[in-house]
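Visitor: Could we go through this structure together, starting with the ligand?
Guide: Certainly; here it is.

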Amino acid sequence: MNEQTGGPRTLLKRLREVMAEELGAQERLDKIVRHIAGNMIAEVCSVYVLRSDDVLELFATQGLNPKSVHEASLRVGQGLVGTIAATARTLNLDNAQKHPAFRYLPETGEEIFHSFLGVPILRSGRALGVLVVQNQDKRVYRDDEVEALETTAMVLAELIAAGELEGLDKQGQGLDLSRPLNLKGAALADGIGLGHVILHEPRVVVTNLFNEDAEYETRRLHQSLAKLRFSIDDMLQHREVARDGEHREVLEAYRMFANDQGWVRRMEEQVRNGLTAEAAVEKVQSDNRARMMRQADPYLRERLNDFDDLAYRLLRELVGKPHGPVTDRGDKDYVVVARNMGAAELLDYNGPALRGLVLEEGAPTSHVVIVARALGIPVVGQVHNALSYADSANPVIIDGEEGMVYLRPTEEVQEAYAEKVQFRAKRQEVYRSLRDEPAVSRDGQPVSLLMNAGLLMDLPNVKNSGAAGIGLFRTELQFMVSSRFPRSGEQEQLYRDVLESVEGKPVTFRTLDVGGDKVLPYLRSEQEENPALGWRAIRLALDRPGLMRAQLRALLKAAADRELRVMIPMVTETREVLQVREIIQREVSLLTRFGHRVPRALALGAMIEVPSLLYQLDDLMQAVDFVSVGSNDLFQFVFASDRGNARIARRYDHLNRAFLRVLRKIVVAAQAHGTPLTLCGEMAGRPLSAMALMGLGYRSISMAGAAIGPVKAMLLETDIGKLEGALLAEICKSYGGQTIREFLMDFADTNGIPY
Ligand code: PEP
Ligand code: MG
């Protein structure tokens, strides 16, 4: 760049002025290309914008034939411009016509220009168009020129993203940014949400990089950190969320990170190296993010993600923007789109207008997903490039049942979903009307329909769903949303709250089921080759009896003068149950000796999840007060098929004859010993599978609260006696194809059973 033109600083200043002027869109664009050409001493400067039909249309030019504006066009991938758009990479050529991708557009008159510099107009990694400069002489553009053009392209990206160029394209069919997109992701939480996109924390762009006074910047950093800590404390003390135990845990984790000295020290060091406070935060955040990308351990990633979240909050504190787009949500329903998010941040959005959450990352065990489920918000995760495709205020439909996100949905999709939502609402209405009806089959057999729970937020659903009680309380959830081991007093409080909220209905507490995919960040353990088969659940508990004793004590105290039901996960040998019973008895004597009141009755049960138990059922039934089949894990181990692996998820059916024979075998053993039996895996919550369970002899099943309505609707219409005979005959048949799904569907259809 030379003095005469003023270089990139002057160019950016000019462009800022042009952006602020009162101009029509075409006029503004024309002025921009003139400024760029002048500043870069280029004979040509052109802007191509990507249309919704994947064609790049010439929108403005200085130097090419003006008649070719809105006439010349190239497909993505075609010619140099199309190649730049397809690859999102810059091309810098001294003789463009020699390049294999070169394609001559006669209407432009560009044949006399040799050198060519084209940069993609990028937004969140996605090309919205291409900006080109050309010169007659053969030269390679210098690095500083390339950088200047790339920076300039950012200004154009904003212009396109702001929608200013909409309607200028030749056929008026719209730009790429307005194209409807159907994105497939992972269904992480059920439900359907319609609304407008809110981008979670639109990027804070740090423009002021270098400091002039390190001491001043350090002070700014500390002031902002203090404000950040204050705002977290404030949320903990005053906000409505603070009353709920698990919200509190999440916020407390944030408070701990905000006081992390290592984090603060690294930022201080960057300021000493010459950066401004915000640039220092961004630098440490980006190092942190790079570590996050490399980190395979999902729980360490979660922790790094919490830091990322906090760094965003700190950045916004420094640039004076409030946390989260809280203020500009408007009054419309919205769906939050984020790369990833901490659970506390989701709570920031919580309210009646929040309709869904779309994540580029996210896993079924992320804290944020656990909390979203408890709030009843659909979540679709692992949606690649969601942030690049979505723009603020775009209409969106999220389907947490199918794992689909419809961005800027077409009218057909909108209509289909309006119907689906209505259909679901009507169905909910029907289920609500069944809530107080007794759960009895058509032929008069009572069945206990219980609910699975794990967080305080689930509790109102026990009543709302009409569940007969809680068949599985996953105590590990309290541990998973916490930044450290919940203290014994905190555990006791949660258990007491649970027992009080159910108004005398039975609750079965499962002891800590961690390990496998449920890892606690603060419980460091060795990397295991097969964590699902590793040091988990009762195995871990028996090796760390302190942990288990603390939990059992909390349960015993919470259930003083009531009935306490405790269930052990992942039992492999009957002996393990006997060991736990001994620990419980010791705790009961201790508590009694110290004058504590204890439960008036105690029932100890085992989960049947490990196939080894199938060969010691007689022993087991005698050692326990009840059993509960964990069909998710039992199926995984019987079929040697990882329950979390999407590639094999549809390969084997739970309604497989072999599996149903296993389930029947358990019924027969339980009946022979008079041992109460429940099943609490996911199949209990699907009407067709639940119908099969009725036929197999299960009279107690436990499922997600939302499933109770549909399962009850099935039960009320099912003649179990009639089903039983046919089903038992069916599972004994031998066929190559093993699923009896068709048989069950036929039975349901013939007998008018909804499923
Ligand atoms: C099961 O394995 O079926 C079960 C109910 O437990 P979880 O899904 O928590 O492993
Ligand atoms: Mg299990």
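**The ligand and its surroundings**

Visitor: How many residues surround ligand 1, and which are the closest?
Guide: In this predicted model, ligand 1 is surrounded by 14 residues, and the closest are Arg510, Glu609, Gly630, Asn632 and Arg643.

Visitor: What is the chemical make-up of that shell?
Guide: Seven of its residues are charged, four are polar and three are nonpolar.

Visitor: Which polar atoms lie opposite the ligand's oxygen atoms?
Guide: For Gly630, a backbone N or O atom lies 3.4 Å from an oxygen atom of ligand 1. A polar backbone atom of Ser631 is 3.1 Å from a ligand oxygen. With Asp633 the side chain takes part: one of its N or O atoms is 3.0 Å from an oxygen atom of ligand 1.

Visitor: And how much of the ligand's accessible area does the protein cover?
Guide: On its own, ligand 1 has 290 Å² of accessible area, and the protein covers 99% of this.

Visitor: What about the space it takes up?
Guide: That space is the second largest cavity.

Visitor: Which secondary structure elements supply at least two residues of the shell?
Guide: Those are β16 (470-474) and α21 (631-638). The largest share, three residues, comes from α21.

Visitor: Moving on to domains, which ones does the shell draw on?
Guide: Domain 4 (449-608) and domain 5 (627-755) each give at least three residues to the shell around ligand 1.

Visitor: Where are the other domains?
Guide: The domain assignment also gives domain 1 (7-161), domain 2 (184-202 + 326-410) and domain 3 (214-319).

Visitor: What separates the centres of domain 1 and domain 4?
Guide: Taken over C-alpha atoms, the two centres are 63 Å apart.

Notes:
Residues are numbered from 1 along each chain as its sequence is written. Chains are lettered from A and ligands numbered from 1 in the order in which they are written. This is a predicted model: local features need pLDDT of at least 70, side-chain atom pairs count only at pLDDT 80 or more; totals for chains, interfaces and linings use all residues. Side-chain values use heavy atoms; hydrogens and water are left out. A residue is near a molecule or strand if one of its heavy atoms lies within 4 Å of it. A polar contact is a pair of N or O atoms within 3.5 Å; within protein, one must be able to donate a hydrogen and the other to accept it, and residues adjacent in sequence count only if both atoms are side-chain atoms. Accessible areas come from the Shrake-Rupley method with a 1.4 Å probe; for residues, only the protein chains shown count as cover. On a 1 Å grid over the protein atoms alone, a cavity is a set of points where a 1.4 Å probe fits but cannot get out, and a pocket is an open set with protein on both sides within 12 Å along at least five of seven lines; lining residues have an atom within 4 Å of a point. A molecule sits in a cavity or pocket if more than half of its atoms lie within 2 Å of its grid points. Helices (H or I, at least four residues) and strands (E, at least two) are DSSP runs, numbered from the N terminus. Ala, Val, Leu, Ile, Met, Phe, Trp, Tyr, Cys and Pro count as nonpolar, Asp, Glu, Lys and Arg as charged, and the others, Gly among them, as polar. Domain bounds come from an automatic or database domain assignment.
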